[in-house]
Amino acid sequence: MNLFSDIRNLVVETLGGMAADGALPPGLDTAAVTVEPPRDPGHGDMATNAAMVLSKPAGRPPREIAAALAARLLTDPRIASAEVAGPGFLNLRLRPSAWQGLVRAILEEGFAFGRSRIGTGLRVNVEFVSANPTGPMHVGHARGAVFGDALANLLHHAGYEVTREYYINDGGAQVDVLARSAYERYREALGYAPEIAEGLYPGDYLIAVGEALAEEFGEALIDQPEEMWLSDVREFATERMMAMIREDLAALGVRMDVYSSERALYDTGQIEAAIARLRAMGLIYEGVLEPPKGKTPEDWEPREQTLFRSTAFGDDVDRPIRKSDGSWTYFAPDIAYHFDKVERGFDMLVNVFGADHGGYVKRLKAVVAALTGGRVPLDIKLIQLVKLYKNGEPYKMSKRAGTFVTLRDVVDEVGPDVTRFVMLTRKNDAPLDFDFAKVLEQSKDNPVWYVQYAHARVSSVLRKAAAAGLEVSDAALAAADLARLDHEAELALARKLAEWPRLVEIAARGNEPHRVAFYLYDLASEFHALWNRGNEEPGLRFLQDDPAASLAKIALARATGVVISAGLGILGVAPVEEMR
RNA sequence: GGCCCCGUAGCUCAGGGGAUAGAGCGACCGCCUCCUAAGCGGUAGGUCACAGGUUCGAAUCCUGUCGGGGCCGCCA
């Protein structure tokens with residue numbers, strides 16, 4: 001049940017009726033008609049801009065259209081009042097029965113309340129994390145992981161068929177560096193002095209890889225030339241790194257559906273096939289790039305390269321796909337990878353990147369636009385930096401990696417639920433301050449705690465009611481006499497609950513999971529407010545002497561609990577039953 | 001130099017064509033005989049960086065300027 005879309009449908013149908021009766025010209029486009037909660041609740045429950053949007057095409061003053069629309073809407077049993085306001089808003093109030101019906105619907109639908117069909121029949125690929133398999137993930141990866149996973153949950157809730165995907169960057173020089181670093185640890189494990197040269201990865205996490213290599217290969221690789229062992233050690237170490245990354249993701253509650261390997265794109269013809277596709281469209285050519293403006297490298301010299309005409313799709317310059325020695329640039333497998341995603345039939349692609357990859361947005365969008373003729377949208381979400389603090393002091397120490405704070409450090413210290421919620425309390429394109437002390441604080445300026453507290457209070461009410469002998473299953477509560485929920489403060493909470501399905505759609509359309517976190521905070525606030533009004537007005541307490549009155553109020557509390565659980569579920573956070 | 005993101009209350013941030021711009025923190029004033037006061041209510045606090053433009057209507061969209069951050073040849 002989605003009251004906002006229901007009422008919008010009513011408005012649009014009513015407008016259609018007006019057109020049929022000659023009250024409006026036929027064929028008006030109602031796509032821009034909205035039904036929203038007004039910013040000022042004093043204006044009503046819902047407001048529609050229909051009259052203002054249609055005024056110009058209909059050739060009639062907005063307030064006149066609004067008045068005519070109001071008269072017709074009032075015949076609907078849900079509508080209590082319809083008032084023209086301001087430049088032509090139509091402010092609607094719904095009868096209490098509409099809100100009571102909403103509470104009942106939440107109890108009947110459970111977590112399905114808030115599901116949307118905007119994604120029905122559409123397959124979306126969410127690529128996220130994609131950390132290089134050369135070491136443990138850092139906090140920045142944690143934020144990207146949380147964002148991507150919550151976004152995937154959100155899109156699923158909105159009806160999409162979602163694939164979570166990790167692109168393993170195992171095809172470049174960095175995995176060779178990994179192999180050489182691991183090789184030194186292998187020598188170390190066998191009692192030789194390791195030579196961890198400048199440029200190799202010094203982290204302790206490779207010691208275990210070296211020991212595993214020693215167990216696997218014994219002395220066989222000692223004193224052998226690099227070309228004898230590089231490939232084997234690289235594969236071995238990369239697999240070890242990916243196993244570690246999977247464990248770290250699991251600790252955060254993140255599970256991928258697909259791991260795609262960059263290396264697997266080479267030597268299988270996939271790069272060639274993707275390039276051939278672009279070449280057939282006349283988008284590949286041999287040419288010489290200008291030096292980058294204002295920052296010409298000292299050793300710059302013009303070279304002819306194989307280029308992709310990404311400027312035809314909004315990029316700033318064409319991009320090289322082959323180095324001057326004939327080998328592929330890093331961009332080439334990227335083209336092949338996105339070609340592969342497109343070929344797998346996704347209707348929509350989302351990439352979650354660190355903000356330092358901002359320079360790749362235009363060229364990747366160009367690739368997908370070129371390969372699909374613009375049919376498949378690619379949205380790239382850039383995740384800004386996480387700044388770590390502890391009691392306000394910058395925090396840089398790491399237990400494992402030495403030089404940077406790892407994802408695991410964070411999860412071990414504050415737990416996956418707190419990590420996830422806090423990292424979703426900011427838009428992806430805003431930097432995030434993460435204070436290890438503050439996120440564990442038990443006060444209302446800690447949104448995680450505040451939302452959990454609201455859920456715990458709901459659970460507390462249910463426990464006490466059950467202890468008092470009331471039947472508080474969702475079915476029993478849905479059958480309660482909800483007409484008793486008629487106080488303004490109770491209806492205000494119901495109004496907030498009614499926004500949930502709308503919020504899911506807005507958040508899903510914009511790929512913005514943070515909206516869920518902010519909504520939950522608002523909802524919790526509304527619930528805490530009602531709770532406290534019970535102090536002054538005992539008639540507003542959830543537990544009443546009269547069982548029938550109790551059941552109605554408990555139904556409202558439980559409905560709130562259902563929505564909080566559903567929202568936390570999208571964020572990947574487990575709701576708590578009691579605070580400790 | 002070019003491109004991307006950001007600029008909203010003292011601080012941290014939501015809102016991103018709609019009415020009198022919101023929340024938390026901090027400040028001030030109230031509320032427990034009462035389902036968890038780890039909470040709630042209220043007051044004070046704004047040139048939505050600046051200047052143009054589009055629109056019935058701009059914090060929101062466009063252009064430019066200023067300020068902060070990021071990225072920028074075959075690296076990954």
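The cover over the buried residues of helix α12 includes α5 (139–157), α8 (226–251), α13 and β15. Helix α12 itself spans residues 407–414, and the buried positions in this stretch are Leu407, Asp409, Val410, Val411 and Val414. An aspartate thus sits on the buried list along with a leucine and three valines. Right after α12 comes glycine 415, with a positive phi near 90°. All of this is read from a predicted model, so a look at the scores is in order. Chain A averages a pLDDT of 91, and 97% of the residues score at least 70. For the model as a whole, ipTM is 0.93 and pTM is 0.95.

Two of the elements covering α12, namely α13 and β15, also turn up around a small piece of sheet architecture. This is an open sheet of three strands, in the order β14-β13-β15, and its pairing is mixed. The edges are formed by β14 (393–394) and β15 (432–435), each of which pairs on one side only. Helix α13, residues 416–423, packs on this sheet and touches both β13 and β15. The direction of α13 makes about 150° with that of β15.

As for the pairing in detail, strand β13 covers residues 386–390 and is joined to β14 by two bridges, with the two strands running antiparallel. Lysine 390 stands opposite glutamate 393 of β14. In general, strands of a sheet pair through backbone hydrogen bonds, in either a parallel or an antiparallel way.

Stepping back to the whole chain, there are 18 helices and 15 strands in chain A. The chain is divided into domain 1 (3–94), domain 2 (173–251) and domain 3 (442–571). Between the C-alpha centres of domain 1 and domain 2 there is a distance of 68 Å. A box of roughly 85 × 60 × 40 Å, taken along the principal axes, holds the C-alpha atoms of chain A.

Burial and contacts round out the picture. Of the 580 residues in chain A, 50% are buried. Among contacts in chain A with a separation of 6 or more, 72% come from residues 24 or more positions apart. The accessible surface of chain A adds up to about 26000 Å², and carbon and sulfur atoms account for 50% of that surface.

How values were computed: Residues numbered from 1 in each chain as written. Chains lettered and ligands numbered in written order. Predicted model: local features only at pLDDT ≥ 70, side-chain atom pairs only at ≥ 80, totals over all residues. Heavy atoms only, no water. pLDDT = per-residue confidence, 0-100. Domains from an automatic or database assignment. Pairing = 2+ DSSP bridges. Helix = DSSP H or I, 4+ residues; strand = E, 2+ residues; numbered from the N terminus. Contact = heavy atoms within 4.5 Å. Axes fitted to C-alpha atoms, helices over the stretch in contact; angles between N-to-C directions. Buried < 20%, exposed > 50% of the residue type's maximum accessible area, 1.4 Å probe, protein only. Areas by Shrake-Rupley, 256 points an atom, 1.4 Å probe, with all protein chains shown as cover.
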